2 protein chains.
Amino acid sequence: MSHARFMQAALEQARIGYAEGGVPIGCVLVKDDAIVGAGHNRRVQQNSAIRHGEMDALEATGRKPGAWYKDITLYTTLSPCAMCTGAILLYGIPQVVIGENASFMGEEAHLASRGVTVTVLDDADCRDLMTAFMRNAPELWHEDIGL
Amino acid sequence: MSHARFMQAALEQARIGYAEGGVPIGCVLVKDDAIVGAGHNRRVQQNSAIRHGEMDALEATGRKPGAWYKDITLYTTLSPCAMCTGAILLYGIPQVVIGENASFMGEEAHLASRGVTVTVLDDADCRDLMTAFMRNAPELWHEDIGL
């Protein structure tokens, strides 16, 4: 499995969101070396309190039996917040690959404490996109993380 | 503030969901002694992986600044799962009132460890509704909690 290829797909989702005027965070779900779900933050686009990138990717796949999630790897451009962390734990997703956590440190320690394998790529493109967004739209960013 | 009155409203949401063929869990958000958001689980109704009762109530209120959540009391008929717990923590909702946790124990300890005040009413009507659902639709229930 190539982390770079799937993180590139998550980053492409983030860029789609940014071009829509939204928060540039993207996510893909990978199963058997193929993308089975993709999404990006739609707070602005859908006036949404819950459509973070990870949530949007989970919602894009619709209802699934619990067993479906148990070999998923979730790729997200940014370290997951408490809500997305909780969704990962609810469904028992075992592997999370994170683009970067320098601009925002999410609940990685909580994920790891519950047995999730967390990998941080420290990807410069993910970091640059998020840093530019935070500088350009600090109020929107704070809203997105409940501040 | 009357816990009974607001839990009754959450239970009414749960019953609406059950009548729709869905998972019977409801939620209301209360601010200044008034209901400002209401929702119920829509897994079945919207083919949704993320529309638990608490998430649906948060989504019903749309985008809000972070400060808006800081005096909310969230009423839910059932102990909150990991995802809904994470959403409560993301937005810094300080008070959670739970109908019952006998049929399902959620992440109450994690909420409390992060400083959220958790009150469990042990409401017989909430318990009876959930127990009947679990007996009638065990596969749907298991799916809803990722099993």
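# A guided tour of the two-chain model

Start by selecting E54(A), M55(A) and L58(A) in helix α2(A), and you will find them in contact with M83(A), C84(A) and A87(A) of helix α3(A). By class, this contact brings together five nonpolar residues and one charged residue, with no polar ones. Keep in mind as you go that the model is predicted.

Now widen the selection to both helices, residues 53-60 for α2(A) and residues 82-91 for α3(A). Their axes are 8 Å apart, and the two pack at an angle of about 35°.

**The sheet of chain A**

Next, show the strands of chain A. Five of them make an open sheet with mixed pairing, and the order to follow across it is β2-β1-β3-β4-β5. Which strands stand at the edges? They are β2 (34-40) and β5 (117-120) of chain A; each has a single partner strand, so one side of each is left without a neighbour in the sheet. If you look along the sheet, neighbouring strands are turned against each other by 20° on average, ignoring direction.

Stay at the β5 edge and select β4(A), residues 95-100. Four bridges join β4(A) to β5(A), and the two strands run parallel. For a single pair to click on, try Q95(A), which stands opposite T117(A) in β5(A).

Then add helix α5(A), residues 124-136. This helix lies across β3 (73-78) and β4 of chain A, and it runs at about 65° to β4(A).

**From one chain to the other**

Bring both chains into view. A turn of 180° with a shift of 0.0 Å along the axis lays chain A on chain B, with an RMSD of 0.0 Å. That is the relation of a two-fold axis. To find where chain A comes closest to this rotation axis, select G86(A): its C-alpha is at 2.4 Å. Colouring the interface is a good next step: 100% of the interface residues of chain A are also interface residues in chain B, so the copies meet through the same surface.

Now move to helix α3 (residues 82-91) of chain B. How many of its residues are buried? Ten of its ten are, so to speak, a full set, and the helix is described as mostly covered. Among the buried residues are M83(B), C84(B), G86(B), A87(B) and Y91(B). Just after α3(B) comes G92(B), whose phi is positive, near 70°.

**The nonpolar core**

Select W141(A) and W141(B) together. These are the residues with the most contacts inside the largest nonpolar core, which has 70 residues. Zoom in on W141(B) and show what surrounds it: leaving out residues up to four places away in sequence, W141(B) touches I25(B), L78(B), F104(B), M130(B), F133(B) and M134(B).

**Two loops to finish**

The last stops are about backbone angles. Most residues other than glycine have a negative phi. Two aspartates of chain B are worth a click here.

- D33(B) has a positive phi of about 60° although it is not a glycine. Look for D33(B) in the loop between β1 (26-31) and β2 (34-40) of chain B. It is partly exposed, with a relative accessible area of 36%.
- D122(B) has a positive phi of about 50°, and it is not a glycine either. You will find D122(B) in the loop between β5 (117-120) and α5 (124-136) of chain B. Its relative accessible area is 46%, which makes it partly exposed.

Methods: Residues numbered from 1 in each chain as written. Chains lettered and ligands numbered in written order. Predicted model: local features only at pLDDT ≥ 70, side-chain atom pairs only at ≥ 80, totals over all residues. Heavy atoms only, no water. Pairing = 2+ DSSP bridges. Axes fitted to C-alpha atoms, helices over the stretch in contact; angles between N-to-C directions. Contact = heavy atoms within 4.5 Å. Nonpolar A, V, L, I, M, F, W, Y, C, P; charged D, E, K, R; others polar. Least-squares fit on C-alpha atoms with pLDDT ≥ 70 in both. Core = buried A, V, L, I, M, F, W, Y, C linked by side-chain atoms within 4.5 Å. Buried < 20%, exposed > 50% of the residue type's maximum accessible area, 1.4 Å probe, protein only.
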